[in-house]
Amino acid sequence: MDILRSTAELLGDVLTHDFSGLVTVLRGEEALTVPTTLGKTEFAIDESGQLLENVRSRDFLIDRVRYVFAGTIQKPAAGDRIVIQENGDTVTYEVSHPGGKSQLAEFWGTYGTKWRIHTKEIQRV
């Protein structure tokens with residue numbers, strides 16, 4: 001038995017259970033409701049070695065095994081939308097990467113059991 005792996009999985013379960021809220025993930029006509037933990041990433045967008053701007057991404061940490069569309073586990077894709085309730089508003093985020101030059105999502109955690117999904121806000125009502 002791998003004690004480090006077991007401990008990492010236990011901590012991931014605690015994070016999901018105790019520090020998560022539910023969101024709805026949309027891809028085309030399909031929707032799924034999953035627990036997520038919120039995060040953020042700051043990116044420095046530069047072009048040809050010249051800093052243009054700093055951009056913040058709203059990140060969602062979602063268990064990889066829960067990101068299921070068409071009956072199979074999927075990788076987050078550009079255009080997927082994540083809907084969340086924030087301070088009485090319904091906010092929609094779109095999976096994207098600031099600057100469009102890097103991954104939309106990356107494995108997160110010691111054993112990559114979660115997706116860290118980068119998004120931008122596209123609607124607030």
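**Strand pairing and side-chain contacts in a predicted model**

Strands E7 and E9 run antiparallel and are joined by five bridges. The model is predicted, so that local features need pLDDT of at least 70 and side-chain atom pairs count only at pLDDT 80 or more, while totals for chains, interfaces and linings use all residues. Residues are numbered from 1 along each chain as its sequence is written, and side-chain values use heavy atoms, with hydrogens and water left out. Helices (H or I, at least four residues) and strands (E, at least two) are DSSP runs, numbered from the N terminus; two strands pair if DSSP finds at least two bridges between them. Within the pairing of E7 and E9, the partner of Tyr93 in E9 is Glu121. Strand E8 (residues 105-108) also pairs with E9, in the antiparallel sense and over four bridges. Glu106 stands opposite Arg116 in E9.

Aromatic contacts were searched for over the whole structure, and two aromatic pairs were found. Rings of Phe, Tyr and Trp (its six-membered ring) pair if their centres lie within 6.5 Å; planes under 30 degrees apart count as stacked, over 60 as edge-to-face and the rest as tilted. The ring centres of Phe60 and Tyr93 are 5.4 Å apart and the planes stand at 65 degrees, so this pair is edge-to-face. The pair links distant parts of the chain, with Phe60 in strand E3 (residues 50-63) and Tyr93 in strand E7 (residues 89-95), 33 residues apart. Phe60 and Tyr93 are both buried, where buried means under 20% relative accessible area, exposed over 50%, and partly exposed in between (1.4 Å probe, protein chains only). The rings of Tyr67 and Phe69 also form an edge-to-face pair, because their centres are 5.6 Å apart and their planes at 75 degrees. Tyr67 counts as buried at 0% relative accessibility, and Phe69 is buried with a relative accessible area of 2%.

Phe69 is found in strand E4 (residues 68-69). Its C-alpha atom is separated by 8.2 Å from that of Ala31, 38 residues apart along the chain. For Phe69 and Gly28, which are 41 residues apart along the chain, the C-alpha separation is 9.9 Å. Gly28 lies in the loop between E1 and strand E2 (30-47) and is exposed, with a relative accessible area of 53%.

One contact between a charge and a ring involves Arg64, which lies over the face of Trp115 at 5.4 Å from the ring centre. A charge sits over a ring if NZ of Lys or CZ of Arg is within 6 Å of the ring centre and within 35 degrees of the ring normal.

Eight salt bridges were found in a search of the whole structure. A salt bridge is a side-chain nitrogen of Lys or Arg within 4 Å of a carboxyl oxygen of Asp or Glu. Among them is the one between Asp80 and Arg27, whose closest N and O atoms are 2.8 Å apart. This pair links distant parts of the chain: Asp80 is in the loop between strand E5 (72-73) and strand E6 (81-86), Arg27 is in strand E1 (residues 21-27), and the two are 53 residues apart. Both Asp80 and Arg27 are buried.

Strands E3 and E9 contribute residues to further salt bridges. Arg116 and Asp59 meet through their side chains at 2.9 Å, N to O. Arg116 is in strand E9 (residues 114-124) and Asp59 in strand E3, 57 residues apart; Arg116 and Asp59 are buried. Asp63 and Lys114 form a salt bridge at 2.4 Å, N to O. Here too distant parts of the chain are linked, with Asp63 in strand E3 and Lys114 in strand E9, 51 residues apart. Asp63 counts as buried at 14% relative accessibility, and Lys114 does at 2%. In addition, a network of salt bridges links Arg58, Glu86, Asp89, Glu121 and Arg124.

On the surface, Val65, Val68 and Ile73 form a nonpolar patch with about 260 Å² of accessible area together. Patches are made of residues with over 30% relative accessible area and no salt bridge: like charges are joined within 9 Å, nonpolar side chains (Val, Leu, Ile, Met, Phe, Trp, Tyr) within 5 Å. Accessible areas come from the Shrake-Rupley method with a 1.4 Å probe, and for residues only the protein chains shown count as cover. Ile73 lies in strand E5 and is exposed, with a relative accessible area of 53%.
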